[in-house]
Amino acid sequence: MHPRIVKLFLALVLCTGSLFPAFAQTPAASAGSIADQLAKLQTQVANAQSSADNAWMLVSAALVLMMTGPGLALFYGGLVRKKNVLATMMQSFAMMAIITVLWALVSYSLAFDSGTSFIGGLHHIFLRGVGLVPDTDYSPTLPLQTFMIYQLMFAIITPALITGAFAERMKFSAMALFLILWSIFVYSPMAHMVWGKGGFLNASLGGRFPTLDFAGGTVVHVTSGVSALVCALYLGKRVGYPKEAMPPHSVVLSFIGACLLWVGWFGFNAGSALGSGPLATSAFVNTHFGAAGAALSWMLAEWIRSGKPSALGGISGAVAGLVAITPAAGFVQPMSAIVIGLLAGAFCYFMVIKVKNWFGYDDSLDAFGVHGAGGTLGAVLTGLFASSAINPIFKDAQGNPLPSGAVDGNWHQVLNQLVGIGLAWIISIVGTLILLKLVDLTVGLRVSRDQETEGLDLTQHGEEGYDFAS
Amino acid sequence: MQKIEAVIQPSKLDAVKDALLEVGIEGMTILEARGHGRQKGHTEFYRGREYTVDLLPKIKLEMVVPDELVEKAVQAILSSARSGKIGDGKIFISKIDEAIRIRNDERGPSAL
């Protein structure tokens, strides 16, 4: 046959053939088909919600990791002397690597497996059973691995915060060993108690003393801050402190780090809504307002006291506000968030400027002054300002919202907060002391006097941070 | 041949270089330095603590000039670097035994 005729024939066959499926459908609707379509629609809506939640949560997880690297690495790195900049950044970075593996191996299970009220079990070691199917207790719309990876970013930054207390004088090996043990014996139990199934302090899963801690005021900031104080006291002061002036070698780096922390904190707090709905919005707004309020009050306090508002003061204030709003982010009204911020900025300024000098401890980068004190204050204020209108966390048997915090009339919640805070303080102090002693006896905590004078970059890492001559 | 070392305020560098060029001195070495004489430093704040920073940024110029240009160079520096305030700096003059141009091994004042 002529080629053109073949092509015409083939085209005709294809056109008519594609019409066949249309003919195959029954045009009239029958009862089974509507129910099917409804079920399909419901699945699609659920999938859409899950997709939105998962998308936000994955972004949030990335934001929280950014808080550690480069956020905290830069913030802390800029505050130390030039000879220790890399070592300081390396401490945060090491957590990114080490805690990740530890989490997969055992500490996720210890935190989030069901077990006792104080610690989880070992069912999920090596992430067994942690697949892509949701865990309805934790996050019904998220693949469990999303929840796991999001929580991992918290587990990473918490020990990294402690490094601020022993900056410029701790051995890298000792730091790594200590923080691995701390993550297992202090962080995982605390995370379990506040957020884990059956946790002693878990407000949403029926804990004995429900502590309102939206994103980790107690789990992250009180534990790291108080542990930091213990470390600073145990390790002792830096050589030359306080006579020798040890100003930051680069407030520029710290500034950049602090701004990355502020932005990253949206993932830390708003992501703790474990979804992309209005609660995430509340937490996002509150986070921002808390940071702004505290930056203002610290700057004002410094302006009044010292005559000039410093850049370092401004950014420290912002961080203090972010810390304080962390437990409150998903529970309070926006105006309360501003108040919490204003209070936190002034309070942490006082802690860092006055209290630290009264007692003379060398909390080099103010991990206790900002995180320990700010977290404690924030957790108390959460008990005051938590509003069921924002987050009906407590419900009666019929599912009606009950009063949350003092502004709702539930002053008892402040007591619960104190229990949670108290437990965090105790587990941090006891745990840290024991672990420090252990590591000191085995590896030794501090570098030698000469090494400290020469600088950790060279002595611990064989590197120099800046080599402008080359 | 004499070496002129001048420690001056960093803000005066451009004026001093221009003034030296005008009297015929083109070659010099410029170093960033820190130091102080009788000038008190300034106070900075770190975590509410006041401390004195008394290593202040300075610029040090070094140049080796033929004997006949020394006084002209000194006058050029004095007039362009002076502000009348403490912290203006100092000039030191010393004798130089030899000067050698690396490119062609030229020696003596013609190497300057």
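## Exercises on helices α11(A) and α12(A) and a cavity

In this predicted model, the crossing of α11(A) and α12(A) is right-handed.

**Exercise 1.** Work out how α11(A) and α12(A) are directed with respect to each other, starting from their packing angle.

*Solution.* First take the geometry of the pair: the axes of α11(A) and α12(A) lie 7 Å apart, and the two helices pack at an angle of about 155°. Next apply the cut-off, by which angles over 145 degrees count as roughly antiparallel. The two helices, α11(A) and α12(A), are therefore roughly antiparallel to each other.

**Exercise 2.** Check whether the span of helix α12 of chain A agrees with its number of residues.

*Solution.* Helix α12 of chain A covers residues 412-442, which makes 31 residues, and at 1.5 Å a residue these should span 45 Å. The C-alpha atoms at the two ends are 45 Å apart, so the expected span and the model agree. Beyond the helix, α12(A) is followed by Gly444(A), which has a positive phi, near 90°.

**Exercise 3.** Describe the largest cavity and say which helix gives the most to its lining.

*Solution.* Begin with the count, which comes to one cavity of 30 Å³ or more, and with the volume, since the largest cavity holds about 120 Å³ of space. Its lining is made of 17 residues, and the closest to the centre are Leu72(A), Phe75(A), Leu161(A), Val319(A) and His371(A). By type, the lining divides into 13 nonpolar residues, three polar and one charged. Among the helices of chain A that each supply at least two lining residues are α4 (144-162), α9 (311-325) and α11 (367-385), while α2(A) gives the most, with four residues.

Methods. Residues are numbered from 1 along each chain as its sequence is written. Chains are lettered from A and ligands numbered from 1 in the order in which they are written. This is a predicted model: local features need pLDDT of at least 70, side-chain atom pairs count only at pLDDT 80 or more; totals for chains, interfaces and linings use all residues. Side-chain values use heavy atoms; hydrogens and water are left out. The expected span of a helix is 1.5 Å times one less than its number of residues. On a 1 Å grid over the protein atoms alone, a cavity is a set of points where a 1.4 Å probe fits but cannot get out, and a pocket is an open set with protein on both sides within 12 Å along at least five of seven lines; lining residues have an atom within 4 Å of a point. Grid points are joined across faces, edges and corners, and a volume is the space filled by probe spheres set on the points. Ala, Val, Leu, Ile, Met, Phe, Trp, Tyr, Cys and Pro count as nonpolar, Asp, Glu, Lys and Arg as charged, and the others, Gly among them, as polar. Axes are lines fitted to C-alpha atoms, for helices over the stretch in contact, and angles run from 0 to 180 degrees between N-to-C directions. Angles under 35 degrees count as roughly parallel, over 145 as roughly antiparallel, 65 to 115 as roughly perpendicular and the rest as oblique. A crossing is left-handed if the near helix is turned anticlockwise from the far one by less than a right angle, and right-handed if clockwise.
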